[in-house]
Every structure is written in C-alpha cells, then in structure tokens.
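Hi,

Here is the model I promised to pass on to you. Have a look at it first, and then read my notes below.

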Amino acid sequence: MLDYLVIGLGLSGISFCETLDQHGKSFMVLSDHSQTSSVIASGLYNPVILNRFTLAWKAREQLQLAMPFYSGLERRLGLAFDLKIPVLRRFASVAEQNLWFQAADNRTLAPFLSPRVTASHNPGIDAPFGYGEVLGTGRIDTRVLLKQYAAYLSASGRLRGETFLFKELEMATGQFQYRGLAARKLVFASGFGLKDNPWFNYLPLQGTKGELLTIKAPALQESRIVKSSVFLIPLGCDHYSVGATYSRGDTSNTPTVRAETELLSKLDSFVRCDYEVVSQHAGIRPTVSDRRPLVGEHPEHTNMFVLNGMGSRGVLVAPYAAQQLYGHIEQRQPVDPEMDIARFVKKYTGKG
C-alpha cells in the first residue's frame with residue numbers, strides 16, 4: 001500500500017514528489033511525458049513583472065522557498081541546474097528609465113531592483129537607453145532537471161512511463177487501485193492533460209500555447225538574460241533561447257510559422273548581429289482564468305487531489321503550491337484561498 005499515487009512529472013509533479021521524499025512518504029509516479037510545457041519552459045525565476053515593473057504574486061514567499069528547494073534537489077541528484085544569471089530589462093526610452101527609478105524606490109520592490117542604469121557595451125544589442133537589472137534572478141535548466149529526476153525515480157522503481165487510463169482507476173474505501181497498485185491518496189499533476197480528467201475537468205484550466213526559438217549567434221557574446229520585447233536567454237556555446245509567444249485556441253504541441261515570424265520580428269528590433277535559427281519548440285502552459293494555481297481536494301472524492309495551473313512562472317510557483325498541498329493533506333492546514341480549488345465549487349455543483 002503506497003501513501004501516494006502521483007499522475008504527471010512536470011515541475012508540479014517533481015515539486016510534490018520531492019516534498020513527499022523529504023517527509024519519508026512512499027509513492028509511485030505515472031507519466032507519459034505527453035505534456036511538454038515544463039520541458040520547453042525557459043526556466044527563469046524572476047520576481048518582477050517586467051512589462052509593468054511590479055512584484056509578481058507572492059514572489060517573495062515563493063523565492064524564499066524555491067531557492068533552498070532547488071539547492072536541495074541539486075545535492076540529491078548530484079548535478080547543477082540552478083544557473084545564477086542576471087536579468088536585464090532593456091529600456092526603450094527615458095520615460096521607461098524614470099518608471100524603473102520610481103519602482104526601485106518602492107519599499108516592496110527595492111530588494112529586487114537595482115537603482116542604477118546599466119550601460120550597454122555590447123555592439124550586438126541595440127540598447128541606447130541602457131538596462132535595469134533585476135536582483136536575485138537565474139534560470140533552472142528544466143530539461144536537465146526533468147530528465148535527471150525521472151532517472152532518479154526510475155532507479156528506485158518509483159516511476160512508470162505510461163499513460164494513465166481514467167477508466168481503469170478503482171476507488172474503494174480508504175484507497176485507490178490502479179493496475180496492481182494501491183494507494184491511500186491520489187494526486188493529479190498532469191498539466192494541460194487535466195482537461196481530459198473526468199473528476200477535475202470542471203476547473204477553468206486554459207491552454208496558453210508558448211513557442212520558443214533556439215538561435216546560434218557567435219558574434220552576440222552575451223552572458224546575461226536580456227528582456228526586451230522578448231527574452232533573450234544565453235544557453236552556452238553561442239546558443240540562445242528566444243521567447244516566448246502567448247496564444248490561445250491552438251492546443252497542439254506543433255510549432256507554427258506564425259510564432260516564428262513573431263519572435264524573429266521582435267528579436268530583430270534590438271539584436272544587431274547575424275544569427276541562425278537552430279530549432280523551434282512549442283508547449284501548452286496550464287493557465288487559469290484568474291491566473292492562480294489549482295490546488296486542493298476534490299469536492300466529493302476524499303483523498304483525490306489536484307496540483308496544477310502553474311502558468312508561466314512554474315519554476316517559482318510549483319514548490320510553493322506543492323508545499324501548500326502537502327500541508328493541507330498531512331497537517332490539515334488550509335490552502336491559500338487564492339489557489340484553493342474551493343473557489344470554483346459552484347462550477348462543480350452547477351454540473352448536477
């Protein structure tokens with residue numbers, strides 16, 4: 001008898017499994033890797049919304065939890081995937097500089113924004129008004145993390161690479177049974193795949209398609225992350241990630257010409273050197289109508305839970321949401337009302 005059966009191994013699934021590991025809970029994960037948003041994610045952790053110079057939702061609490069969380073994962077896996085890289089916000093005008101100074105004077109934002117303008121000395125980037133630097137930023141290499149964590153679970157027999165078939169789940173008093181497995185609790189951390197879940201498809205999960213380009217630009221020679229109309233993220237060996245797009249309606253993982261055209265147009269607005277497009281990737285972000293995660297217990301089925309809707313800031317949000325869910329399950333602590341799925345109970349009861 002397992003303590004937990006976990007469905008999905010993206011950032012949410014990893015965050016929850018690691019929390020279970022830390023508390024000595026037994027679990028099995030089922031994942032077919034069909035949801036690619038965590039794989040193609042840029043992996044940035046940045047507490048500031050750079051279009052408006054405001055602090056992201058609960059960014060301070062999330063940073064305080066996420067940094068030691070990822071450090072512990074690095075030690076457990078024996079590799080480095082937390083890359084400490086400055087994030088520079090390219091200014092388009094003197095007016096943007098002034099808005100930055102105003103934000104940096106704000107008591108809430110002051111710990112995260114440098115009060116100085118950083119001059120540009122890179123001829124490959126057009127930045128006549130300089131940059132503002134966000135403090136305490138970096139990038140989680142999500143590809144490395146997901147691959148190595150899956151290998152870690154596989155080595156201990158706690159991962160099955162298979163598609164979860166809802167019709168084969170048997171619910172009995174005090175337990176769930178599935179293909180020879182028995183578990184006391186069931187957690188769905190399946191990303192956009194939640195739309196097909198017969199127990200949680202009442203939740204207003206939206207699919208926001210994101211696409212990224214990888215380019216090679218030997219002349220660029222930039223080691224910092226630059227945010228202009230798009231993010232330009234150094235990957236090493238003269239390669240950079242460019243992104244991302246936000247599109248609703250298309251829920252396929254297929255890259256599009258339209259997104260490539262959009263990204264290249266924005267890139268060309270500030271990059272002033274030759275480059276070549278190496279690859280293009282797409283994934284569906286699990287977003288929610290009110291831009292908050294989906295965390296909590298099913299309204300009727302005891303010990304069936306959801307951990308989803310991390311959006312575009314999953315690197316920061318997922319460890320925080322996982323801790324909230326674990327505290328709720330094991331210590332009966334209330335879930336943050338802003339992320340508790342109880343806020344959508346009327347949508348469930350309205351189904352009849």
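Before the strands, a word on terms: two strands pair if DSSP finds at least two bridges between them. Helices (H or I, at least four residues) and strands (E, at least two) are DSSP runs, numbered from the N terminus. This is a predicted model, in which local features need pLDDT of at least 70 and side-chain atom pairs count only at pLDDT 80 or more, while totals for chains, interfaces and linings use all residues. Residues are numbered from 1 along each chain as its sequence is written, and side-chain values use heavy atoms, with hydrogens and water left out.

Let me start with β14. Strands β13 and β14 make a hairpin with two residues between them, and Arg-179 in that turn has a positive phi of about 45 degrees. The pairing of β13 (residues 175–178) with β14 is antiparallel, over three bridges, and Gln-177 sits opposite Ala-182. β14 also runs parallel to β1 (residues 2–7), joined by five bridges, and parallel to β22 (residues 304–308), over three. In these pairings Tyr-4 faces Lys-185 of β14, and Phe-188 has Val-306 in β22 as its bridge partner. Six of the eight residues of β14 (residues 181–188) are buried (under 20% relative accessible area, 1.4 Å probe, protein chains only), so the strand is largely enclosed by the rest of the structure.

Next, the nonpolar cores, meaning sets of buried Ala, Val, Leu, Ile, Met, Phe, Trp, Tyr and Cys residues joined through side-chain atoms within 4.5 Å. The largest has 63 residues, and Tyr-4, Phe-16 and Leu-307 are among those touching the most other members. Helix α7 gives the most to this core, with ten residues. A second, separate core of 28 residues includes Leu-181 and Leu-186.

As for α7 (residues 314–331), 15 of its 18 residues are buried, so it too is largely enclosed by the rest of the structure. Just after α7, Arg-332 takes a positive phi of about 55 degrees.

Finally, what holds your eye at Thr-137? This residue lies in the loop between β9 (131–134) and β10 (138–140), and at 7% relative accessibility it counts as buried. Beyond four places in sequence, its contacts (heavy atoms within 4.5 Å) include Tyr-45, Pro-47 and Lys-84. The Thr-137 side chain has a polar atom 2.8 Å from the backbone oxygen of Ile-85, and this side chain reaches the backbone nitrogen of Val-87 at 3.2 Å.

Best wishes

Terms used. Buried means under 20% relative accessible area, exposed over 50%, partly exposed in between (1.4 Å probe, protein chains only). A polar contact is a pair of N or O atoms within 3.5 Å; within protein, one must be able to donate a hydrogen and the other to accept it, and residues adjacent in sequence count only if both atoms are side-chain atoms.
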